[in-house]
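Colleague: I am new to reading models like this one. Could you take me through it, one short question at a time?

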Amino acid sequence: MKEVRHNWTKEEILDIYRMPMMELLYRAATVHRKYHDPNKVQVSTLLSIKTGGCPEDCGYCPQAARYHTDIEGNDLMSVSQVKAQALRAKASGSSRVCMGAAWRNVKDGPEFDQVLEMVRTINKLDMEVCCTLGMLTENQAKRLAEAGLYAYNHNLDTSEDYYKDVISTRAFQDRLDTIDNVRKSNVTVCSGGIIGMGEKLEDRAGMLVALATLDPQPESVPINALVAVEGTPMEDMEPVPIWDMIRMVATTRIVMPETQVRLSAGRTGMSREGQAMCFFAGANSIFAGDKLLTTPNPDVNEDMEMFRLLGLEPQAAFEKMPQPKTVEQEESQLAAQGEKPRWTRPGHQIERNELARQKAKSR
């Protein structure tokens, strides 16, 4: 019998997070072995198909147009370029390609049609396809599903309470509404967050409450350590201690036992020993390749050597869920509806975000 709970409280999750480390690891590893093969780790490749120029003000993100970073922007990649990258990723051991576009939200039109063709192309390579394109409507989610999308990533980032201290250009509820729209399709949900942004432990627990109380829980939860990028409002944040990452991974594993827990951004600052502890604590997915959209990531050969040392093997595509069928564009039963949803713009000011924006203007 499955024992997945959807009624976790913040206090319960904090109690788990604060357990003595050895007890926490034992409990997390026990849950992990009950629901997953502890020697299999999914390898994904994250590809930025449209970089920079984002109108949002996320305090952690170097792709925000209002901040001055060294990120080189590019327009939407072609389908052939994406296919070549996907083939390269598959040859290096990845079973999933995650495509990210620096958009606030999906807009019907030629660019979205191009993304749909990318999804069809990669699914035909027998690879899982994930997209992170910003907020989207129910119809757009269903069109992605029809094209063969396996997963949609839309991170909550942090707790609802702390969210307003990170982002002012959209609301926390917009995140939940987008996840709800994805749930109305056959696409799986990938949603997690970032630690090390100045949040309290209560905020980390609050984020996990928001995710764990979803029914069903997300099939995939990325746990990111902030990568402080010069020019962003969070450029001076201290690196996240490895023990915090281990605790966060272990807690996530316990409260979301069936979920793929993704050890995501920040791995360049982790030793192999630290990453091994995260795998022991329940992480069973990583992103491979030298970049995660725009921030550094370990080289794929380094990861394969780590797998060899730890006796890990890459998880094959579609082990958790069946491969979606691809409907060709000419056979599609769905069409663009020209929707113009009113996604929220709270409009409040975040002091450190404003300071970073003014600093960028003066350069």
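Modeller: Start with a term: a residue is buried when its relative accessible area is under 20%, and exposed when that area is over 50%. Keep in mind that this is a predicted model.

Colleague: Which residues of helix 5 are buried?
Modeller: The cut-off for buried is under 20% relative accessible area. In helix 5, these residues pass it: Asn-139, Gln-140, Ala-141, Arg-143, Leu-144, Ala-145, Glu-146 and Ala-147.

Colleague: Is helix 5 largely enclosed or largely open?
Modeller: Helix 5 covers residues 138–147. Of its 10 residues, 8 are buried, so the rest of the structure leaves helix 5 largely enclosed.

Colleague: What do the buried residues of helix 5 pack against?
Modeller: Look for heavy atoms within 4.5 Å, the cut-off for contact. The partners of those buried residues are helix 4 (110–123), strand 4 (151–153) and helix 7 (172–183).

Colleague: What phi does Gly-148 take?
Modeller: Gly-148 comes just after helix 5. Its phi is positive, at about 115°.

Colleague: Where is Asp-157, and is it buried or exposed?
Modeller: Asp-157 lies in the loop between strand 4 and helix 6 (160–163). Its phi is positive, near 75°, although it is not a glycine. Most residues other than glycine have a negative phi. With 2% relative accessibility, Asp-157 counts as buried.

Colleague: How does Asp-126 count by its relative accessibility?
Modeller: Asp-126 sits in the loop between helix 4 and strand 3 (128–132). Phi of Asp-126 is also positive, near 60°. Its relative accessibility is 45%, so Asp-126 counts as partly exposed.

Colleague: Which peptide bond is cis, with omega near 5°?
Modeller: Most peptide bonds are trans. For this cis bond, go to the loop between helix 8 and strand 7 (220–225), where Pro-216 is placed. The bond runs from Asp-215 to Pro-216.

Colleague: How are helix 9 and helix 10 oriented to each other?
Modeller: Helix 9 spans residues 242–255 and helix 10 spans residues 272–280. Their axes are 8 Å apart, at an angle of about 15°. Angles under 35 degrees count as roughly parallel. Helix 9 and helix 10 are therefore roughly parallel.

Colleague: Which residues of helix 10 meet helix 9, and how many of the residues in this contact are nonpolar?
Modeller: From helix 9 come Ile-242, Trp-243, Met-245, Ile-246 and Val-249; from helix 10 come Gly-274, Met-277 and Cys-278. The contact has 1 polar residue and no charged ones, and its nonpolar count is 7.

Colleague: At what angle do helix 1 and helix 8 cross?
Modeller: Take helix 1 (residues 10–17) and helix 8 (residues 201–212). Their axes come within 9 Å. The crossing is right-handed, and its angle is roughly 120°.

Colleague: How many charged residues are in the contact of helix 1 with helix 8?
Modeller: Helix 1 brings Lys-10, Ile-13, Leu-14 and Tyr-17, while helix 8 adds several residues, including Glu-202 and Arg-204. By class, 7 residues are nonpolar and 1 is polar, and the charged count is 3.

Colleague: How compact is the chain?
Modeller: The chain has 12 helices and 12 strands. Its radius of gyration is 19 Å, close to the 21 Å that the globule rule gives for 363 residues. So the chain is as compact as a globular protein of that length.

Colleague: What share of the residues in the chain is buried?
Modeller: Along its principal axes, the C-alpha trace spans about 55 × 50 × 40 Å. Of the 363 residues in the chain, the buried share is 56%.

Definitions and conventions:
Residues are numbered from 1 along each chain as its sequence is written. This is a predicted model: local features need pLDDT of at least 70, side-chain atom pairs count only at pLDDT 80 or more; totals for chains, interfaces and linings use all residues. Side-chain values use heavy atoms; hydrogens and water are left out. Axes are lines fitted to C-alpha atoms, for helices over the stretch in contact, and angles run from 0 to 180 degrees between N-to-C directions. Helices (H or I, at least four residues) and strands (E, at least two) are DSSP runs, numbered from the N terminus. Angles under 35 degrees count as roughly parallel, over 145 as roughly antiparallel, 65 to 115 as roughly perpendicular and the rest as oblique. Ala, Val, Leu, Ile, Met, Phe, Trp, Tyr, Cys and Pro count as nonpolar, Asp, Glu, Lys and Arg as charged, and the others, Gly among them, as polar. The radius of gyration is taken over C-alpha atoms; the globule rule is 2.2 Å times the number of residues to the power 0.38. Buried means under 20% relative accessible area, exposed over 50%, partly exposed in between (1.4 Å probe, protein chains only). A crossing is left-handed if the near helix is turned anticlockwise from the far one by less than a right angle, and right-handed if clockwise.
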